[in-house]
Amino acid sequence: MSAPGENLRINSARLWDSLMEMAKIGPGVAGGNNRQTLTDEDAAGRALFQSWCEAAGMVMGVDKMGTMFATRAGEDPDALPVYIGSHLDTQPTGGKYDGVLGVLGGLEAIRTMNDLGIKTRHPIVLTNWANEEGARFAPAMLASGVFAGEIDLDYAYARQDLEGLSYGAELERIGWKGPEEVGARKMHAYFEYHIEQGPILEAEEKTIGVVTHCQGLWWLEFTLTGKEAHTGSTPMAMRVNAGLAMARIFEMVQEVAMAAQPGAVGGVGQVKFTPNSRNVLPGKVVFTVDIRSPDQAKLDGMRDAVEARAAAICEELGVGCSVERVGHFDPVTFAPELVARVRGAAEKLGLSHMDIISGAGHDACWAAKVAPTTMIMCPCVGGLSHNEAEEISPEWAAAGADVLLHAVLETAEVVR
């Protein structure tokens, strides 16, 4: 067995060309992408990815959640595979790199191995996890959650988008429901490469984020029930105003998150009014509170406070209130031996780096339940993500992919 030399690099131009080619599928309206889970655009992105994998000599498998697994054979048929990957689905107004960089960076690493005739003892499996974003079907990281045994398959299939379409039916419609049992695969290790989605690396002028932890989260979906009434002719004292209750809860979430500083965040990103008419008080409001922290006690304390204070707000206004916990994972500590391997690769390559905690959720959070796992991050301009203006440089993209290549080769054990 030999270790890869520090002069080993991926093909930066080829990686960037692949990113730009994928970005042509499901273009957004402002330079980014709208390739939401199980849409026709998602299906087209999957087909392109499959064609690239097969051209690189890999064999594609698909499980019953629609997750794609492309295998590069290893020299030892009994060795468990090293998995790498991320996701190709995007937010409705998403960028070109969130998730996609991890998938195509992994593809580029394998292409580089092919170019140089590098063989490994362990197989390497490149993964495109389904429904990482959770933008269309909550919760996020749905397929990896089922893979890890943390989410029930039937529950996942029954998840509906805002139009009432179910995950299971849409998976069938686009033709990407595979035959593999979800979670049947076993992993030797899992690496995920991702843009930071925050401003720390750029501000600190570091090229590589060595991800040691991932903060936990709760998604709390509130349904507030008031009384539809004319906004002009209904006296203020006689209103059952679900919209007012929502506004007070929004402010309360901010207060709860600020009281938990440092190391805690909270906010609301999705709201649906019914009937959503300018001169009708809403009879129903549905919205999702997103709270996160790397500290378990803070995370659960914030959840309890938000739920209790929301109930009190609604009771005072006579508004009905129900809450469903539609997404959750505990804070994650990544495998120290893999974290050290990533750090060592960055040092060997002469790349500036720092330890970092991921502020966003990733499929790696669920993978860590079933195998040693870690993440690699590169900066993004201004820390902006989940936005069509999301941007990275070709140099940043290549640097992280170089680190991924070296860490994966060390883990998969080069034999020639």
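Is Glu-133 buried or exposed? Glu-133 counts as buried, at 6% relative accessibility. This is a predicted model. Glu-133 belongs to one of two groups that UniProt annotates as "binding site", in an unreviewed entry. Asp-98 is listed in both groups.

**The annotated groups**
- One group in the unreviewed UniProt entry holds His-87, Asp-98 and His-194 under "binding site". These residues gather at one spot, because no two of their C-alpha atoms are more than 9.7 Å apart although they span 108 residues in sequence.
- The other "binding site" annotation, also from an unreviewed UniProt entry, covers Asp-98, Glu-133 and His-386. Here the span is 289 residues in sequence, yet no two C-alpha atoms are more than 9.6 Å apart, so these residues also gather at one spot.

**Positions in the fold**
- His-87 sits in the loop between β3 (82–86) and α3 (100–116).
- Asp-98 is placed in the loop between β3 and α3.
- Glu-133 is found in the loop between β4 (124–128) and α4 (142–147).

**Burial**
- His-87 has 0% relative accessibility, so it counts as buried.
- Asp-98 has a relative accessible area of 3% and is buried.
- Glu-133, at 6%, falls under the 20% cut-off for buried.

**Polar contacts**
- The side chains of His-87 and Asp-98 make a polar contact of 3.4 Å.
- The His-87 side chain also has a polar contact with the side chain of Asp-89, at 3.0 Å.

**Contacts beyond four places in sequence**
- His-87 touches Asp-98 and His-194, its partners in the annotation. Its other contacts include Asn-128, Trp-129, Glu-132, Glu-133 and Asp-363. Gly-99, Val-100 and Val-103 are also among them.
- Asp-98 is in contact with His-87, Glu-133, His-194 and His-386, among others. Its contacts also include Asp-89, Ile-195 and Gln-197. Ser-385 and Glu-390 are on the list too.
- Glu-133 contacts Asp-98 and His-386, which share its annotation. Glu-133 also touches His-87, from the other group. Further contacts of Glu-133 include Asp-89, Thr-90, Gln-91, Ala-140 and Trp-219.

Definitions and conventions: Residues numbered from 1 in each chain as written. Predicted model: local features only at pLDDT ≥ 70, side-chain atom pairs only at ≥ 80, totals over all residues. Heavy atoms only, no water. UniProt positions renumbered as here; feature names shortened; annotations may be inferred. Helix = DSSP H or I, 4+ residues; strand = E, 2+ residues; numbered from the N terminus. Buried < 20%, exposed > 50% of the residue type's maximum accessible area, 1.4 Å probe, protein only. Contact = heavy atoms within 4.5 Å. Polar contact = N/O pair within 3.5 Å; in protein donor to acceptor, adjacent residues only side chain to side chain.
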